[in-house]
Amino acid sequence: MTWVPMDLLKRYAAGERDFRSANLAGADLATADLSEANLRGANLSGAKLLGASLIGTNLREANLRNANLQANLQEANLTGADLTGVDLREAKLQTANLRGANLTNAICVAADFSEASLSEANLRGADLSRAKLAEAALNRANLTDAILNGAMLEAANLTNAILQGAALELANLTNAIMNGAILELANLQGAHLSRARLSGATLIKANLSGANLRGANLSWTTLRGANLSRANLYRANLSWANLSEGNLQEAILIDAKLNQVNFRNTSLVGAIMPNGRTYE
């Protein structure tokens, strides 16, 4: 059913909440309050929702392609929603459910996804610069070529996530769970990864120069051709890791676990080894 925005808002004000499958394509709903409304399967493609209140709103499987969603979406249900190209700059999405949602090329700069569920979501090419994703669930999410520079991902769950070619420069991944994640060609220069769990992750040709990996678990990790120059690997666990053809120049490896590490053709010039001596 096609709705005129004013009619919908009047019926909402009168207490109606069920607007499932509503056609609101291109509608101007800026600053509207539709909290707790049922908009499951609704067509909101190209809609203007700047400053709208959508707290707890059901937008499951809704079409929000290219919508302006700079809104309050705390606790909203966006499971399986189409958010391709959506504008979520500085949006509030704390504890929202975006499981399986499509956020391809979405603009999420400085958006707050703290404790949100983004499991199996498609975030390919999305701009998440400076986004807050602390304790967010991103397991099995597709973040290929996503931009996460300066993002807050402390204690986020990125188990088996795909981050191939992602930009994570200066990102905060302290205590993040990244076991089995694919980070081939990812840029993690200067990133904070202390105590991160990266067991079995793939970091082929990744840039980790100057990264803080203090106490991180990198056991069984593939780091072939990776750049770890000047990285802090104090007390990191690198047992059974593949560091062949990598760059560990001037890296700090004091008290690091290096059992069965593959150092074939790896440059260790200037690195401080586990025993405290500088490699020459």
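Q: What is the volume of the largest cavity?
A: This model is predicted. A search of the whole structure turns up one cavity of 30 Å³ or more. The volume of the largest cavity is about 30 Å³.

Q: How do the residues lining the largest cavity divide into nonpolar, polar and charged?
A: The lining is made up of Leu183, Leu188, Leu193, Leu198, Leu203, Leu208, Leu213 and Leu218. Leu counts as nonpolar. The lining therefore divides into eight nonpolar, no polar and no charged residues.

Q: Which residues does Leu193 touch, leaving out those up to four places away in sequence?
A: Leu193 is part of the cavity lining. Touching here takes heavy atoms within 4.5 Å. Leu193 touches Leu173, Met178, Leu188, Leu198, Leu208, Ala211, Asn212, Leu213 and Ala216.

Q: Which residues have the most contacts inside the largest nonpolar core?
A: In soluble globular proteins, nonpolar side chains tend to be buried together. Here, the largest nonpolar core has 99 residues. Those with the most contacts inside it are Leu98, Leu103, Phe113, Leu163, Leu193 and Leu213.

Q: Is Asn105 buried, partly exposed or exposed?
A: Asn105 has a relative accessible area of 47%. Buried means under 20%, and exposed means over 50%. The value for Asn105 lies in between, so Asn105 is partly exposed.

Q: Which residues are in contact with Asn105, leaving aside neighbours within four places in sequence?
A: Asn105 and Thr84 are 21 residues apart along the chain. Their C-alpha atoms are separated by 6.2 Å. The contacts of Asn105 are Gly85, Arg124, Gly125 and Ala126, with neighbours within four places in sequence left aside.

Notes
Residues are numbered from 1 along each chain as its sequence is written. This is a predicted model: local features need pLDDT of at least 70, side-chain atom pairs count only at pLDDT 80 or more; totals for chains, interfaces and linings use all residues. Side-chain values use heavy atoms; hydrogens and water are left out. Buried means under 20% relative accessible area, exposed over 50%, partly exposed in between (1.4 Å probe, protein chains only). A nonpolar core is a set of buried Ala, Val, Leu, Ile, Met, Phe, Trp, Tyr and Cys residues joined through side-chain atoms within 4.5 Å. On a 1 Å grid over the protein atoms alone, a cavity is a set of points where a 1.4 Å probe fits but cannot get out, and a pocket is an open set with protein on both sides within 12 Å along at least five of seven lines; lining residues have an atom within 4 Å of a point. Grid points are joined across faces, edges and corners, and a volume is the space filled by probe spheres set on the points.
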